[in-house]
Each structure stands twice: as structure tokens, then as C-alpha cells.
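Me: I am new to this structure and would like a close look at one small part of it. Please set that part in its wider surroundings too.

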Amino acid sequence: MKIVYTEEHRKRSARTELYGGQLVPPFECPERIDFILAEAEKRGFGAIVPPRAHGMAPVLAVHDAGYAAFLENAWANWSALGHQGEAIVTVWPARTMRPDRIPAHFEAQLGYYCLASETSISDGTWEAALASKDVALTSADLVIGGARTAFGLCRPPGHHAATDQYGGYCFFNNAAIAAQHARDKGIERVAILDVDFHHGNGTQEIFYDRDDVLFISLHGDPDQAFPHFLGFADETGSGAGEGFNLNLPMPPGTGFDVWRAALGKAMERIARFDPGLVIVSLGVDTFEKDPISFFKLTSNDFSTMGADIAALGLPTLFLMEGGYAVEEVGINTINVLEGFCV
Ligand code: OKP
Ligand code: ZN
């Protein structure tokens, strides 16, 4: 399996995450990727290839142009305000205010374009986000071009990023960008299977009213887990998209038996949809020792997960999302990919 990777991800090296009322070193850190590469190398798994630049057109096919311009200039605009720390949102267009007006002041623009305040914008974030979407697009090209599978080692992750909002460590929605790219290259139906512990609210939002991109997410019950305000079972799609969004939320303590049954449901739905491409939003934060999640999957379970997904027999693109038990992120990620290949 080819692994698309670039060092550029290191440019996303934020110093701070707002967590439990403190500014802590971010869970979403460059070391996550180092452990994945080290594990792949240790097992002799995969061949590393660099991404190819795809420009902004595939980004603007799913994201708002004003949002992209905001992100591109965010660090410069924040720096111009003379602050010491990284850019963290402090004010939002809350429900009692005007939701649609884009304010002139940059501090307020942060609130307009952000959905959660744990994620600071730092110097280099824009460059890393660009590289991450190119990793997704290059790995997508491999599978669109006939490869059975490929792995886009995306960082920063993408599935929380909506049409015009960042948050949950995500800036561009890599999976959505790859899915739309595949559609534009002539693949009629694309399924996105999101196995990250957290609901992929951004991906859901982007494709919610469409019947050509099926979105399925297995995740921690949003009543108990981030992103809290989306990802419930009664969200099934709207308009032409009715029936093309499937949320499978599960409670704290969920182990692999229950999780695997949900995956079975997801796979049944995907088989019925008959897509030309399956994109797996691959987060490994369902792991029992993940520091910010509450499922109980073991490292062996990730191998079974990969084998189960392979049984669909469809062209499958894996794109990296979350996973924060840093040392085991490598083992668990490569377990999925190796499980898929055997
Ligand atoms: C990103 B990805 C828990 C706060 C959670 C954000 C989590 C973002 C997860 N108290 N903060 O889906 O792995
Ligand atoms: Zn996650």
C-alpha cells in the first residue's frame, strides 16, 4: 500500500490547546505522525510517496472562499494585533445574536469561522493545512487511477472542518475534498466511512443534502462527547440527501463487539449504495487508552477492523484523522492498514 506523506505537517506545531481551563500542549501533535511512520518502517509496511500540489480549486469545491481567505491571512492578522499567544476564539455569534454578519474586527472573525475554542491558530497552520489536503488529493488520485487502496497520512486532520468553520483540530476537510475530487473525476457515488471516535460533523454538513456522497459515522454519543451539537441518530440527511447520512452513536465504555456490529450496519448500507470509492476517515482514538475518548478497542481489534472493511471488496482510500495515545497510534493505525491488506 502506498503511503502519501510530507514533512510539511510539522509546520502545524501549535504550542497551546485550551483544555480543562488551561493552555496545554496540544493532543494533536507532530509526534503522532512520527509513531505511525516508525511503525510502518519497523514492519516493512507500505511505500512512502510525496504529495503533488493540486492548488486551491479542489478546496474551494467544498469550502467557502471567504473562509479560505480568512485562514490564509489568519496568522498575519492575529500577529498584527500584537498578542503574545496563539489565536484562540473568545467571542461567537451565539444564538441570541446575529449569526450571519461577518464582522470587521479579526478577533470577531475568529468567532464567525470557528466552531470550538480548543484549536488555536499558530504560525504555519495554513501551510500545513495546504499540505494535508494535497496528501488527501494525491492518495485519492492513486485509488481513482485503479489502485485497490492507498493511505493519505494527513495532518492536520479534517473531519470537523465544515464549509466555513474550523475546530476540533481541523482546518480543511480532507475527506470531503477527496470525495468531491473523485466525483469531479467521474466517480458517480462516493461513500465516506468515518471510524474516528468523534462525529465527523464537518463532513456531514458538507454533504447533508446530497445523494451522491453517502456519509456514515461511528462515534461517541454526542450527548457525552465532542462535538456535542451534531451527530445524533435522527440526522438522516435532507432533501435529495434524505437517507444518505447515517449516524451510529455509542455510549461510554463501548467495546469492540458492539462497535463491530455498528460497523456491520455501516457496511451493509455501503454495499447497498454501491459506490465507486470508499473513503475511510481513519481515527484510532477509539482505542481503550486514548486520553480524550471513551471507547474500549484494543490494538488487536484494529486489525479486525481493517479486515472487515476489506471484505466490502471496494476501492478504499484511508485518510488519517485522530488518535492521541501517541505511542500506540502507530501500532493501531498500521494494524488497520495491514488488516485490510491480508
Ligand atoms: C478531533 B478528532 C474533551 C474536549 C475535546 C476536541 C476534540 C477534537 C477531536 N473534553 N476537544 O476527531 O480526533
Ligand atoms: Zn477524534
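Where does Ile48 lie?

Reply: Ile48 lies in strand β4, which covers residues 47-49. Strands here are DSSP runs of E with at least two residues, helices are runs of H or I with at least four, and both are numbered from the N terminus.

A word on the ground rules. This is a predicted model, so local features need pLDDT of at least 70 and side-chain atom pairs count only at pLDDT 80 or more, while totals for chains, interfaces and linings use all residues. Residues are numbered from 1 along each chain as its sequence is written, and chains are lettered from A and ligands numbered from 1 in the order in which they are written.

Back to Ile48. It counts as partly exposed because it has 14 C-beta neighbours inside 10 Å. The scale runs like this: a residue with 20 or more other C-beta atoms within 10 Å of its own is buried, one with 12 or fewer is exposed, and anything in between is partly exposed, with C-beta atoms placed from the backbone. Setting aside neighbours within four places in sequence, Ile48 is in contact with Ile3 and Tyr5. Contact means that the C-beta atoms of two residues, placed from the backbone, lie within 7 Å. Thr304 sits 256 residues from Ile48 in sequence, and their C-alpha atoms are 24 Å apart in space.

Compare Thr96. This residue lies in the loop between α3 (65-80) and α4 (106-113). Thr96 counts as exposed because it has 5 C-beta neighbours inside 10 Å. Its C-alpha atom is 31 Å from that of Ile292, 196 residues away along the chain.

Now the helices. Helix α5 (residues 125-144) is largely enclosed by the rest of the structure, because 19 of its 20 residues are buried. Its end C-alpha atoms are 28 Å apart, which agrees with the 28 Å expected at 1.5 Å a residue. The expected span is 1.5 Å times one less than the number of residues. Just after α5, Gly146 takes a positive phi of about 120°.

Helix α6 (residues 174-184) is mostly covered too, with nine of its 11 residues buried. Among them are Asn174, Ile177 and His181. Gly186, just after α6, has a positive phi of about 105°.

Helix α10 spans residues 326-341 and reaches 24 Å from first C-alpha to last, close to the expected 22 Å. Its buried residues include Glu328, Val329, Leu337 and Phe340. Their cover includes α1 (31-43), β5 (149-152) and α9 (299-310).

Step back to the whole chain. It has 10 helices and 10 strands. Buried residues make up 52% of its 342 residues. The radius of gyration is 19 Å, which agrees with the 20 Å or so of a compact globule with 342 residues. That radius is taken over C-alpha atoms, and the globule rule is 2.2 Å times the number of residues to the power 0.38. The C-alpha atoms fill a box of roughly 55 × 45 × 40 Å along the principal axes.

Last, the ligand. Of the 13 residues around ligand 1, Glu118, Gly168, His198, Phe226 and Gly322 come nearest. A residue is near a molecule if its C-beta atom, placed from the backbone, lies within 6 Å of it.
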